[in-house]
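Here's a quick briefing for anyone meeting this structure for the first time. Have a look at the sequence and the 3D view, then read on.

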Amino acid sequence: MATAIYMPKNGMAMEEGKLIRWMVKVGDKVELDQPIMEIETDKITMESEAPATGTILSLSAKDGDTIPVLATMGWIGEPGV
């Protein structure tokens with residue numbers, strides 16, 4: 001079972017965030033709560049963590065993209081499952 005990587009909602013008024021950069025690439029193994037991306041909101045720039053332990057299966061957002069909150073940006077899971 002795969003887990004979605006999504007744009008976190010950090011504040012009641014937040015509607016979108018900008019992906020500054022991925023800190024991982026497809027095929028990397030990650031641990032729960034490991035920083036995997038840097039995002040920018042209208043108030044701050046911060047790191048966001050992996051929502052699960054596994055392998056980065058896909059990353060659909062690109063550095064510089066503006067993404068709505070809770071939109072899927074990639075997937076973490078086990079390859080071939």
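Let's start at threonine 3, which sits in strand S1, a stretch covering residues 3-6. Keep in mind that this is a predicted model. From that one residue, we'll move on to the whole protein and then to its nonpolar core.

**Threonine 3 and its surroundings**
- Threonine 3 counts as partly exposed, because its relative accessibility is 28%, and partly exposed covers values between the 20% and 50% cut-offs.
- Looking past residues up to four places away in sequence, you'll find threonine 3 touching Pro51, Ala52, Gly74, Trp75 and Ile76.
- Take alanine 52 from that list: 49 residues separate it from threonine 3 in sequence, yet their C-alpha atoms are 6.7 Å apart in space.

**The overall build**
- The protein has eight strands and zero helices, so if you read from the N terminus on, the pattern is simply β-β-β-β-β-β-β-β.
- With a radius of gyration of 12 Å, close to the 12 Å that the globule rule gives for 81 residues, the protein is as compact as a globular protein of that length.
- Along the principal axes, the C-alpha atoms fill a box of roughly 40 × 20 × 20 Å.
- Count the contacts between residues at least 6 apart in sequence, and 55% of them join residues at least 24 apart.

**Surface and charge**
- Of the 81 residues in the protein, 35% are buried.
- The accessible surface adds up to about 4,900 Å², and carbon and sulfur atoms account for 53% of it.
- The protein carries 7 positive and 13 negative charges, and the mean positions of the two groups lie 3 Å apart.

**The nonpolar core**
- In soluble globular proteins, nonpolar side chains tend to be buried together.
- Here, the largest nonpolar core has 19 residues, and the members that touch the most others are Leu19, Trp22, Ile36, Met37 and Met73.
- Strand S2 (16-22), strand S4 (35-40) and strand S8 (72-77) are the elements that give two or more residues to this core.
- S4 supplies the largest share, with three residues.
- What does tryptophan 22 contact, leaving aside neighbours within four places in sequence? Its partners are Ile5, Ile36, Met37, Leu59, Ala61, Asp63 and Met73.

Conventions: Residues are numbered from 1 along each chain as its sequence is written. This is a predicted model: local features need pLDDT of at least 70, side-chain atom pairs count only at pLDDT 80 or more; totals for chains, interfaces and linings use all residues. Side-chain values use heavy atoms; hydrogens and water are left out. Helices (H or I, at least four residues) and strands (E, at least two) are DSSP runs, numbered from the N terminus. The radius of gyration is taken over C-alpha atoms; the globule rule is 2.2 Å times the number of residues to the power 0.38. Buried means under 20% relative accessible area, exposed over 50%, partly exposed in between (1.4 Å probe, protein chains only). Contact means heavy atoms within 4.5 Å. Accessible areas come from the Shrake-Rupley method with a 1.4 Å probe; for residues, only the protein chains shown count as cover. Lys and Arg count as positive and Asp and Glu as negative; His and the chain ends are not counted. The place of a charge is taken as NZ of Lys, CZ of Arg, CG of Asp or CD of Glu. A nonpolar core is a set of buried Ala, Val, Leu, Ile, Met, Phe, Trp, Tyr and Cys residues joined through side-chain atoms within 4.5 Å.
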